[in-house]
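Q: I'm new to this one. Could you walk me through how to read a sheet and some salt bridges?

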Amino acid sequence: MNRLFFITILASLLLSGCITNPVTGRSELALISQGQEIAMGEQHYLPTQQSEGGQYRLDAELTNYVREVGNRLAAVSDTPLPYEFVVLNNSTPNAWALPGGKIAINRGLLVTLESEAELAAVLGHEIVHAAARHGARSLQRSLLLQGAIALTAIAADGNDYENYIMDAAQLGTHLITQRYGRGAELESDYYGMQYMARAGYDPDAAITLQQKFVKLNQGRSTFWLDGLFASHPPSQQRVQKNHETAAEMKMGQDKSWQVGRDRYRQKIAHLKSRADAYAAYDQAVTLANKKETSAAKNRIEQAISLEPGEARFYGFKGNLLYNEQRYSSAIFQFDQAINRDHAYYEYFLGRGMTRSRLGNHQQARQDLERSNELLPTAIAANELGNLSLRAGDRSMAKQYYAQASGAGGSVGQIATNKYVKLDITDNPARYFDVSTEEQNGVIYAMVINDSSVPVQSGVVQFSAVINGRERQEHASIGALGPGQVVRISSGWRLADADLVDRLSAQVVSVSLRP
């Protein structure tokens, strides 16, 4: 009876959470409402853009063009969402959609396409991912596997930024780097082609696009593997399905379908003319990662000479100079970057870290706070903690270190250790496992240092009611390293007839090594 009752309640909950998908017409579970999807997209769109390179700002006309094509497709989609489209300053060929219709395409993918219809195929595909709730459905699966609806529990997984991104950007990055299933990809291809046809674009472009992707995938280019192929795996099956869909859509139609090769070439001309500059920049990044600094400098100087308007080049040069501790020169480069793009976190982060090294603490704080407004990172939060501690504000330092400790990687671990060093003296009981025992009439405490911090000394407080009388005693502990155990005597000697109640012990104070 109880099992049947549980099944009935569960079934009623699932049914009450079912909706009709506006794209496919199928009934499906909806633990996340459309309003929540829209709010999620709004919250994560800007920080996710930041984590993926920031907006491409050198050619506003190109961004307007992409928006024009995207809005044309969105107007004939099945789901009225507040769609937005941006071009990101990222060489990796990729495009992605967040729930609620927030869509981005990298300049690295734009230079690979050959027509407006192929651009429509990419954007239509991403529109379907949003309209058909693919991202939300993936999130729901995660929530069901966790057994609770707790969006904040989903963190970035398997991406380049997981080691230092914090807060909102983590979920956004998780959503755009997830690998869509074969069903979702085929669904997005099919309905994306429907949107293309409704908007007047030749659906055959979706075939040539997939053929191109399959060929590039066979070449196993690193950029492609890191980008579109990681989340949108191409396949010959998708090519064949697109053939079938296009043939079905065109059957019996005598219509002039738009391809737009010449118009696309015109719109992409400026970006393509800077291909050598971005290639030099990408090479500089690769060389710097290999610790070939001199060669990296040569490449970035080449990039700047070819395109002096690109902020990214100056920001990268500033990073190189910072690593060489040439702080004044680094400041100049970060200034150049910010003058060209005042809305990308990395330049403020670099300048803030540099100003901190130069002792310009107030200016450093302003830059690091601005960096965190754009994209919260453990690097900025950890340095803000250092600045707060230097200013004597332990409480604020702890807040920043606690924020940074939520990230993974070495910076998160450093921040965690700094937080513990401050908090262990404020709240020592949190960091020691203490148990009591009686032996030969003497009460002892077994004290284990569960923290990562070695302590120089401390005090254990014993409390008990002995023969109806409340008693307390304090005993000292000496140096105790992480994970170490010490046995401390309370000094109480009990007779067999003594009655002991509410016996406890805890560490009430510690001092750290200088």
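What follows is a short talk about a predicted model.

Q: How do strands in a sheet pair?

A: Strands of a sheet pair through backbone hydrogen bonds, and that pairing can be parallel or antiparallel. Here, take the open sheet of three strands in the order S6-S7-S10, paired antiparallel. Strands S6 (432-439) and S10 (485-493) sit at the edges, each pairing on one side only. On average, neighbouring strands of this sheet are turned by 25° against each other, ignoring direction.

Q: How many bridges join S6 to S7?

A: Eight bridges link S6 with S7 (residues 442-449). To pick out one pair, look at Thr436, whose bridge partner in S7 is Ala445.

Q: Now the salt bridges. How many are there?

A: The count is 30, going by N and O atoms within 4 Å. Try Asp78 and Arg198, with their closest N and O atoms 3.3 Å apart. Asp78 is in the loop between helix H3 and strand S3 while Arg198 is in helix H8, so the pair ties together parts 120 residues apart in sequence.

Q: Is Asp78 buried or exposed?

A: In between: Asp78 is partly exposed, at 25% relative accessible area. Arg198 is partly exposed too, at 44%.

Q: Which residue does Lys398 meet in a salt bridge?

A: Asp426, at 3.0 Å from N to O. Lys398 belongs to helix H21 and Asp426 to helix H22, so this pair ties together parts 28 residues apart in sequence. Lys398 counts as buried at 15%, whereas Asp426 is partly exposed at 40%. Through shared partners, salt bridges join Arg394, Lys398, Asp423, Asp426 and Arg430 into one network.

Terms used: Residues numbered from 1 in each chain as written. Predicted model: local features only at pLDDT ≥ 70, side-chain atom pairs only at ≥ 80, totals over all residues. Heavy atoms only, no water. Pairing = 2+ DSSP bridges. Helix = DSSP H or I, 4+ residues; strand = E, 2+ residues; numbered from the N terminus. Axes fitted to C-alpha atoms, helices over the stretch in contact; angles between N-to-C directions. Salt bridge = Lys/Arg side-chain N within 4 Å of Asp/Glu carboxyl O. Buried < 20%, exposed > 50% of the residue type's maximum accessible area, 1.4 Å probe, protein only.
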